[in-house]
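Please work through the exercises below with the structure open beside you, trying each task before you read its solution.

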Amino acid sequence: MEEAERVELTVGAVAPGGHCVARVDGQVVFVRHALPGERVVAEVTELHRGFARADAVEIVEASADRVAPPCPYARPGGCGGCDLQHVAPAAQLDWKTAVVREQLSRLGGLTDAEIDALRVGVAPLPGGPLGWRSRVRYAVDATGRAGLLKHRSHEVVPIDRCLIAHPAIQALPVLGRNWPAADAVATVASTGGDVVVTVLADGQPTPVDLPDGPAVADPGGPTPAGPVTVREVAAGRDWTLPAGGFWQVHPAAADTLVDAVLDLLDPRPGESVWDLYGGAGLFAAALAARVGPDARVTVVESAAEGVAAARRNLADLSRAEVVAARVETALARRRITGPVDLVVLDPPRTGAGAAVVRDMIAATPRAIAYVACDPAAFARDVRTFGRAGWRLAALRGLDLFPMTQHVELVGLFLPPSR
């Protein structure tokens, strides 16, 4: 095969990354814009040692789960933000479930019977598959046009609307305008009702006000007055965060994750809590409400913005402590010490890793809730837990990112004695 060559092939099972696996003359081909069982004409986009990447550019025999993508930019050569717009919403959940099962088996070392016992599935969130993304960062090309990036590319695709963006973001006069001094334009529509536009130029963020009329604030001129923080509402509390700070992008995600963590951990009055990779302290606050005012709650966060947000937002909790450190450092150097009853682990996409798992279980918690945004990293940590005698006792799959290949997991780990 050669790049840009077109080959007709039969598509196989789904795989991580938003594509399906096919084979041509014994070579593995990862095909986007396809569905299992389809016969397609695929155009080769990349060649690597041992495998190739391709886009399905013609559908010869379509799957019953295929639908017309609602967005005209969700196509081969178009925007790379949505992987699954050609898949019916219910089938997207099945797709993600299949990926989770495959990773738990291949990387996590679980048997089919163990995976079946977990009743692995992926549940939708309220609101449907469009209009959910409350934070959108538009790239800006060399001519000043805003858009989104092609798949595995820095090339900007100018667009007139992003259908998965929150309606308040879609209504902003950002697209179709010229941004000559900008590298990117970041937008936020918070659950507290704040809408913020920030221009990023030479690594520096500048908030701007965009009027309803045809004029637009000049990102190279004076800085208009505008909020630099936003209010989010979750876990029965208000949260004040920097506009560019981390928060879940689906409006229902924060409460959905909190509900899952509380349900799995079943916190009891007086129990001590660690919230690792705690960000602004969302899980810490929710658990503090359950364990009571006399229980110790510790947040560990390394990002300066997150530490400041946690200290500000948890100031009313007298027993809450925010430790500014990397989690692995806090554990290894005993910045936090056990015993501890409950742990919430919400690591970055790379996962927790063996050292963090080892040091965490050495503190002898009675239960650990693991919030994961990458099934592969989660599965690798499942294997590490298993080697230490801990078991994955429950698992929730949540569709926090409809129309994309991403899925969120919340797992409950229990020690050998339980």
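The exercises that follow concern a predicted model, and each task is followed by a worked solution.

**Exercise 1. A strand and its surroundings**

Determine whether the residues of strand β11 (residues 184–189) are buried or exposed, and what this says about the strand.

Solution. Begin with the cut-off, since a residue counts as buried when its relative accessible area is under 20%. In a regular strand the side chains alternate between the two faces of the sheet. Take each side of β11 in turn: Ala-184, Ala-186 and Val-188 on one side are buried, and so are Val-185, Thr-187 and Ala-189 on the other. The strand is therefore largely enclosed by the rest of the structure, because 6 of its 6 residues are buried.

**Exercise 2. The partners of the strand**

Find the strands that pair with β11, and state the sense in which they run.

Solution. On the one hand, strand β8 (residues 135–140) pairs with β11 in the antiparallel sense over 5 bridges, and within this pairing Val-136 stands opposite Thr-187 of β11. On the other hand, β11 is joined by 6 bridges to strand β12 (residues 195–201), and these two strands also run antiparallel; here Ala-189 faces Val-195 of β12. The last step is to look at the connection: β11 and β12 form a hairpin with 5 residues between the strands, in which Gly-193 takes a positive phi near 95°.

**Exercise 3. A pocket and its lining**

Describe the second largest pocket by its volume, its lining and the kinds of residue found there.

Solution. The second largest pocket holds about 320 Å³ of space. Its lining consists of 22 residues, of which Arg-32, Thr-45, Asp-55, Gly-77 and His-151 are the closest to its centre. Turning to the elements, β4 (27–32), β5 (39–48) and β6 (51–61) are those that give two or more residues to this lining, and the largest share, 4 residues, comes from β6. Sorted by kind, the lining residues comprise 5 nonpolar, 8 polar and 9 charged.

**Exercise 4. A helix and the residue after it**

Establish how many residues of helix α5 (residues 282–291) are buried, and what follows the helix.

Solution. Going along α5, one finds the buried residues to be Leu-282, Phe-283, Ala-284, Ala-285, Ala-286, Leu-287, Ala-288 and Val-291. Thus 8 of the 10 residues are buried, and the helix is mostly covered. Directly after α5 comes Gly-292, which has a positive phi near 100°.

Note on methods
Residues numbered from 1 in each chain as written. Predicted model: local features only at pLDDT ≥ 70, side-chain atom pairs only at ≥ 80, totals over all residues. Heavy atoms only, no water. Buried < 20%, exposed > 50% of the residue type's maximum accessible area, 1.4 Å probe, protein only. Pairing = 2+ DSSP bridges. 1 Å grid on protein atoms, 1.4 Å probe; cavity = no way out; pocket = protein on both sides within 12 Å on 5 of 7 lines; lining within 4 Å. Points joined across faces, edges and corners; volume = space filled by probe spheres on them. Nonpolar A, V, L, I, M, F, W, Y, C, P; charged D, E, K, R; others polar.
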